[in-house]
Amino acid sequence: MRPPYLLLDIDGVLIPFPGADGSIPSTHSRHEVVPTGRSADNPVTVWLDPAHSPMLMDVIRTGLVTPVWCTSWRQDAATLIGPLLGLPPLPHIDLPRPQITTSHPKGYLWKRDHVDAWLGNAPAVWIDDDFTSLDHTWAAERTVKGTATLLVQPDPHLGLQAEHLTEVTTWVSQSPAARASDD
Ligand SMILES: [Mg+2]
């Protein structure tokens, strides 16, 4: 059996949201990137924590999960953000660009329908800062039906913490999918 997917968001997870006063955690360093479709003289400032690189690589190297970007950065996750953290090129879910004014147009995270279709019956742990209670219900129902699903939800102003990845590795080592891959 394949290892569970590790779906990884960027905004609010690797790039924290500024505080009300515009502050960014002191752990993060400033970078400028030019997303696809944007002109080179109009870069976007991003803040990244160099400590995330070894933290994520420790999880990726276990081979217990299959990491995939799941972010509105789309392919730029692998070409712009990943390299700044020293991460290997990872695949991404090719999310659409819906014309929405909220990230929860149906009461749950807009990515979820696409993720649900993309995953099929595959187990997954999904790290995103923007789940609603309906997403947590979706994950619980998926798990009850035999497809292990874990949502991990960092505080968007703090982003990914070591304990979130500990939660991932603990869950994966206990999940039926991971145990089956040991057989
Ligand atoms: Mg996010």
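Two strands count as paired if DSSP finds at least two bridges between them. Helices (H or I, at least four residues) and strands (E, at least two) are DSSP runs, numbered from the N terminus. Keep both in mind as you start the tour. The model in your viewer is predicted: local features need pLDDT of at least 70, side-chain atom pairs count only at pLDDT 80 or more, and totals for chains, interfaces and linings use all residues. Residues are numbered from 1 along each chain as its sequence is written.

**Stop 1: the whole chain**

Show the cartoon and you will find 6 helices and 6 strands. Read from the N terminus, the elements follow the order β-β-β-α-β-α-α-β-α-β-α-α. The radius of gyration, taken over C-alpha atoms, is 16 Å, close to the 16 Å from the globule rule for 183 residues, so the protein is as compact as a globular protein of that length. That rule is 2.2 Å times the number of residues to the power 0.38. Along the principal axes, the C-alpha trace spans about 50 × 35 × 30 Å.

Now colour by burial. A residue is buried if 20 or more other C-beta atoms lie within 10 Å of its own, exposed if 12 or fewer, and partly exposed in between, with C-beta atoms placed from the backbone. Buried residues account for 31% of the 183 residues. For contacts, look for C-beta atoms, again placed from the backbone, within 7 Å of each other. Among contacts between residues at least 6 apart in sequence, 66% join residues at least 24 apart.

**Stop 2: the parallel sheet**

Select strands 4, 1, 5 and 6. These 4 strands form an open sheet in the order 4-1-5-6, with parallel pairing. Which strands lie at the edges? They are strand 4 (66–69) and strand 6 (149–152), each pairing on one side only. Neighbouring strands of this sheet are turned by 15° against each other on average, direction ignored; the axes behind such angles are lines fitted to C-alpha atoms, for helices over the stretch in contact, and angles run from 0 to 180 degrees between N-to-C directions.

Zoom in on strand 1 (residues 5–8) and strand 5 (residues 124–127), which run parallel and are joined by 4 bridges. Here Y5 has A124 as its bridge partner, and L7 stands opposite W126. On the other side of the pairing list, strand 5 meets strand 6 through 4 bridges, also in the parallel sense, and A124 has T149 as its partner there.

Turn on the side chains of strand 5. A124 and W126 point one way, V125 and I127 the other way, and all are buried.

**Stop 3: the nonpolar core**

A nonpolar core is a set of buried Ala, Val, Leu, Ile, Met, Phe, Trp, Tyr and Cys residues joined through C-beta atoms within 7 Å. The largest one has 33 residues, and L6, L7, L8, V65 and V125 touch the most other members. Centre on V65: leaving aside residues up to four places away in sequence, V65 touches P3, P4, Y5, L6, V59, V125, V168 and V172.

**Stop 4: helix 1**

Next, select residues 52–61. H52, L56 and V59 are buried in helix 1. These residues cover an arc of only 60° around the axis, which puts them on the same side of helix 1; the arc is that of the directions from the helix axis to the C-beta atoms. P54, D58 and R61, on the other side, are exposed. What do the buried residues of helix 1 pack against? Their partners are strand 3 and helix 5 (162–174). Just after helix 1, G63 takes a positive phi of about 70°.

**Stop 5: the antiparallel pair**

Move to strand 2 (residues 29–33), where the count of buried residues among its 5 residues is 0. Strand 2 and strand 3 (residues 44–48) run antiparallel, joined by 5 bridges. To see one pairing, pick E32 and its bridge partner T45 in strand 3.

**Stop 6: two loop residues**

Select R74, in the loop between strand 4 and helix 2. Its phi is near 45°, a positive value in a residue other than glycine. R74 counts as partly exposed because it has 18 C-beta neighbours inside 10 Å.

Finish at T102, in the loop between helix 2 (76–84) and helix 3 (112–119). Is T102 buried or exposed? With 8 C-beta neighbours inside 10 Å, T102 counts as exposed. For a last distance, the C-alpha atoms of T102 and H31 are separated by 27 Å, and the two residues are 71 apart along the chain.

Conventions:
Contact = placed C-beta atoms within 7 Å.
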